[in-house]
Every structure is written in structure tokens, then in C-alpha cells.
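Here are my notes on this chain, set out point by point. Have the model open beside you as you read.

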Amino acid sequence: QVQLKESGGGYVQPGGSLRLSCTASANIAGINAMAWERQAPGKQRELVAAALRDGSAHYAAFVQGRFTISRDNSKNTVVLEMNNLRPDDTAVYYCNAGRPGLGDNNAYWGQGTQVTVSS
């Protein structure tokens, strides 16, 4: 069982930046995919970015070069740096450890952190 705790959400104006951090209660080195998902009001949850064990990073098309995901297996953390935020980035952001579709046996999610982008 892996518990995930997110931090760093908040309120920001369009064009601003936020840094989301997620700390896992267990070692993440053996987990292939560490990811961030988000869910906006009235919409389905969607994948934002994933950092794989091989060092690669993958992003949803809507990221358009604005976000950077990174993981630190020695600290059991995954970070999402978000720049040039837009109002349509407003959502609850969830940390995710493990994606069965990418070879992981189990998947875990945190409670989520709210990101609000508004002027």
C-alpha cells in the first residue's frame, strides 16, 4: 500500500506558475509510472503527465510545453512544475503512483490539491 500526499495547490492569476509536490509513503523506485491527473468540475479525470522509471516524461497534448514533471526516487517524490497557467487549467490535481497499463501491478492516488487559475 502506498499513500500519497499532495501539496502546492492554490490560487494564481492567468500566466502565473505553481509547483505541485507529491510525497509517497513507500519507496517509488520500483514503480514504473508516477503521474499527475486532474479533474475539472463537470469533466472526467484526465492524465496530465507521467514520469517513467526509465527517465522519460510524457505529457498530455494540452500541456503544450508549459508543465514539467520530475521524480526523485531517493526522496519518494514527484513534482509538477506548471507555468503559463490558464483558466482552463483549473481543476483538482491528483498524484498517481502506478499505472497498470504501463506495467505496474497496482495504482494509488492521493486526495488531490485544488488549483484555481483566475483573474
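1. How many aromatic pairs does the structure hold? The structure holds zero of them, where a pair needs ring centres of Phe, Tyr or Trp (its six-membered ring) within 6.5 Å, with planes under 30 degrees apart counted as stacked, over 60 as edge-to-face and the rest as tilted. An aromatic ring does take part in another kind of arrangement: Arg45 lies over the face of Tyr94, at 3.7 Å from the ring centre. The criterion there is NZ of Lys or CZ of Arg within 6 Å of the ring centre and within 35 degrees of the ring normal.

2. A word on the basis of these values. This is a predicted model, in which local features need pLDDT of at least 70 and side-chain atom pairs count only at pLDDT 80 or more, while totals for chains, interfaces and linings use all residues. Residues are numbered from 1 along each chain as its sequence is written, and side-chain values use heavy atoms, with hydrogens and water left out.

3. Now the overall make-up. The chain has 11 strands and zero helices, taking DSSP runs of E with at least two residues as strands and of H or I with at least four as helices, numbered from the N terminus. The radius of gyration, over C-alpha atoms, is 13 Å, close to the 14 Å that the globule rule gives for 119 residues, so the chain is as compact as a globular protein of that length; the rule is 2.2 Å times the number of residues to the power 0.38. Along its principal axes the C-alpha trace spans about 40 × 25 × 25 Å.

4. Burial and contacts come next. Of the 119 residues, 45% are buried (under 20% relative accessible area with a 1.4 Å probe, protein chains only; exposed is over 50%, partly exposed in between). Among contacts (heavy atoms within 4.5 Å) with a separation of 6 or more, 54% join residues 24 or more positions apart.

5. One sheet is open, with four strands in the order β1-β3-β8-β7 and antiparallel pairing; two strands pair if DSSP finds at least two bridges between them. Its edge strands, β1 (4-7) and β7 (67-72), each pair on one side only. Four bridges join β1 to β3 (residues 18-24), and Glu6 has Cys22 in β3 as its bridge partner.

6. Strand β5 (residues 46-52) deserves a look of its own. Five of its seven residues are buried, so β5 is largely enclosed by the rest of the structure. Six bridges join β5 to β4 (residues 33-39), running antiparallel, with Ala33 partnered by Leu52. Their hairpin has six residues between the strands, and Gly42 there takes a positive phi near 75 degrees.

7. β5 also pairs with β6 (residues 57-59), through three bridges and again antiparallel. Ala49 has Tyr59 in β6 as its bridge partner. Four residues lie between β5 and β6 in this hairpin, and Gly55 in the turn has a positive phi of about 95 degrees.

8. Is Ala51, in β5, buried or exposed? Ala51 is buried, with a relative accessible area of 4%. Beyond its neighbours within four places in sequence, Ala51 contacts Asn32, Ala33, Met34, Ser56, Ala57, Ile69 and Arg71. The C-alpha atoms of Ala51 and Thr68 are separated by 9.6 Å, with their positions 17 residues apart along the chain.
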